Amino acid sequence: MGIKVENIFYTYQKKASNSTLALDNVSLNIEENDFVAIIGETGSGKSTLAQTFNALIVPDQGQVQVNDFAVSYKNRKSKKVRNLRKQVGLVFQFPEYQLFEETVEKDVAFGLKNFGEKNEEAIAAAHRALRKVGLDESYYKRPPFELSGGERRKVAIAGILAINPDILVFDEPTVGFDPASAKELMSLIVNLHMSGKTIIVITHDMDLVNEYAKKVFMLEKGKVIFEGTPSELFNNAKQYDCLEIPMVIKLALALKEKGADIDLNKIHTTDDLLEEIKRWRGKHE
Ligand SMILES: Nc1ncnc2c1ncn2[C@@H]1O[C@H](COP(=O)(O)OP(=O)(O)OP(=O)(O)O)[C@@H](O)[C@H]1O
Ligand SMILES: [Mg+2]
C-alpha cells in the first residue's frame, strides 16, 4: 500500500480575513516503493501536502489513505496517528534548525525513544543511522550546535532514519548544499529506495527531478497541474511558464536543433547524453 490522496482541501488561518487556501481539491496516488518528486512554485502547497502524509496537517475535507489509516478530520484524534508517524518519516525544510538535545546521539535517538524504545536500543539505532548518513563515532557525543549546517542536516535525517519508516518524505533535502554533498545525500536516498522504501522528494531542483524521480507531481496554487514522468514533463515544458529545464536536457535540445537524432526520453544524466551521442555518431560513421 502507498499513499492515496483523495480530494483534500486545507485552509490556513480559517477564521482570519487573510486566510489561505493552501490545498485546493488535491488527489493523487503514490505507489509503494515509488520515487516521486513534488514540484511547484514557492507557496504552491508542497510542504502543506507533505505534512498531510503523516497527519501533522489534517485536511479540512477529503482524506489521505496511508497503508491502513485514513488521515481525515474525523480521525484526527485517533490513537493510530502515532503508528502512522512511525510509518511515514518527514524530513522538514531546514531540519537542522530543530536539533535541541545536548549530544548528536541523543538527538538522533529522541524520536525512537518517544515511540517507547528503550534508551540502549534507541542509542544503538541512532549510531546505525548516523553511520548511514556518513557521520562516524567521533560525532556521537558532540553538541549539535558545534557542527556545520550540512552536518546538522545529516543528524536531522539520521533522526528520521533511526525510526525506520517505510515511507520517507524529504522537503528540499539538498537546498544550500554544495554539489558534492548534494550528490552524497542523493546517493543515500537512492540506497534507501533500493532497500524498499517509498521516497518522496520535494524540490525546486529540476536536474535532481530528471535524474532521480520516476514520477512527478506539479502543484500550482494548491492544485495538481501535472502528473507524469520527468520526460513527459520536460517534453511539455513550454506549457509551464516557470519550469526550469534541466541542464542536460537543454544540451540535448541544442544538439537536436543542430540535427542530432537524440531521444530525449533517455536523457537523465550526462552519461545518458553521452551514450545517445555515441549511438547517433555510430549511425553516421
Ligand atoms: N503556517 C502558515 N500559516 C499561514 N499560511 C501558511 C502557513 N504555512 C504556509 N502558508 C501558506 O500556504 C500556502 C502554501 O504554503 P506551502 O508552505 O505549502 O508552500 P510550498 O510549496 O512548500 O512553498 P516553498 O517552495 O516556498 O517551500 C502559501 O500561500 C503559504 O503562504
Ligand atoms: Mg515548502
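## Exercises on a predicted model

**Exercise 1. Strand β1 and its neighbour.** Find out how many bridges join β1 to β4, and which residues of β4 are the bridge partners of Phe 9 and Glu 6.

*Solution.* Start with the two strands: β1 (residues 3-12) and β4 (residues 61-66) run antiparallel and are joined by five bridges. Keep in mind that you're looking at a predicted model.

Now pick out single pairs. Phe 9 has Gln 61 as its bridge partner in β4. For Glu 6, the partner in β4 is Gln 63. What holds such pairs together? Strands of a sheet pair through backbone hydrogen bonds, either parallel or antiparallel.

**Exercise 2. From one pair to a sheet.** Follow β4 on to β5, then work out the strand order of the open sheet of four strands and name its edges.

*Solution.* Step one: β4 and β5 also run antiparallel, this time with three bridges between them. One of the pairs to look for is Gln 65 with its bridge partner Ala 70 in β5.

Step two: look at the turn. The hairpin of β4 and β5 has two residues between the strands, and Asn 67 takes a positive phi near 50 degrees there.

Step three: put the strands in a row. The order is β2-β1-β4-β5, with antiparallel pairing, in an open sheet of four strands. That leaves β2 and β5 (69-71) as the edge strands, each pairing on one side only. Going from one strand to the next, the twist averages 25 degrees.

**Exercise 3. The six-stranded sheet.** Give the strand order of the open sheet of six strands, then find the helix that lies across β3, β7 and β8.

*Solution.* Read the order across the sheet: β6-β7-β8-β3-β9-β10, and the pairing here is mixed. At the edges you'll find β6 and β10 (223-228), each with pairing on one side only. Ignoring direction, neighbouring strands are turned by 15 degrees against each other on average.

Next, zoom in on one pair. β3 (residues 35-40) and β8 (residues 198-202) pair in the parallel sense over four bridges. Within that pair, Ala 37 has Val 201 of β8 as its bridge partner.

Last, find the helix: α6 lies across β3, β7 (167-171) and β8, and runs at about 150 degrees to β8.

**Exercise 4. One helix, two contacts.** Describe how α3 crosses α4 and α5, and sort the residues of each contact by class.

*Solution.* Take α4 first. The axes of α3 (residues 104-114) and α4 (residues 119-132) come within 8 Å and cross at roughly 115 degrees. This crossing is right-handed. On the α3 side, the residues in contact include Val 104, Val 108 and Leu 112, while those in α4 include Ala 122, Ile 123 and Leu 130. By class, the contact has 10 nonpolar, two polar and two charged residues.

Now α5 (residues 149-161). Its axis and that of α3 come within 7 Å and cross at roughly 35 degrees. Here too you get a right-handed crossing. Val 104, Asp 107, Val 108, Phe 110 and Gly 111 in α3 meet Val 155, Ala 158 and Gly 159 in α5. Sorting them gives five nonpolar, two polar and one charged.

**Exercise 5. Domains 1 and 2.** Locate the domains in the chain, and say which element gives the most to the side of domain 1 that touches domain 2.

*Solution.* Begin with the bounds: domain 1 is 1-93 + 172-228, domain 2 is 98-163 and domain 3 is 246-285. The C-alpha centres of domain 1 and domain 2 lie 24 Å apart.

Where they touch, nine residues of domain 1 are in contact with 11 residues of domain 2. On the domain 1 side, β6 (88-91) and α6 (179-194) each supply at least two residues, and α6 gives the most, with three. This side of domain 1 divides into four nonpolar, three polar and two charged residues.

**Exercise 6. Around the ligand.** Count the residues that surround ligand 1 and identify the element with the largest share of the shell.

*Solution.* There are 13 residues around ligand 1, and the closest are Tyr 12, Thr 42, Lys 46, Ser 47 and Thr 48. Two elements give two or more residues to this shell: β2 (20-30) and α1 (46-52). The largest share, three residues, comes from α1. Sorted by class, the shell has two nonpolar, 10 polar and one charged residues.

How values were computed: Residues are numbered from 1 along each chain as its sequence is written. Chains are lettered from A and ligands numbered from 1 in the order in which they are written. This is a predicted model: local features need pLDDT of at least 70, side-chain atom pairs count only at pLDDT 80 or more; totals for chains, interfaces and linings use all residues. A residue is near a molecule or strand if its C-beta atom, placed from the backbone, lies within 6 Å of it. Ala, Val, Leu, Ile, Met, Phe, Trp, Tyr, Cys and Pro count as nonpolar, Asp, Glu, Lys and Arg as charged, and the others, Gly among them, as polar. Axes are lines fitted to C-alpha atoms, for helices over the stretch in contact, and angles run from 0 to 180 degrees between N-to-C directions. A crossing is left-handed if the near helix is turned anticlockwise from the far one by less than a right angle, and right-handed if clockwise. Two residues are in contact if their C-beta atoms, placed from the backbone, lie within 7 Å. Two strands pair if DSSP finds at least two bridges between them. Domain bounds come from an automatic or database domain assignment.
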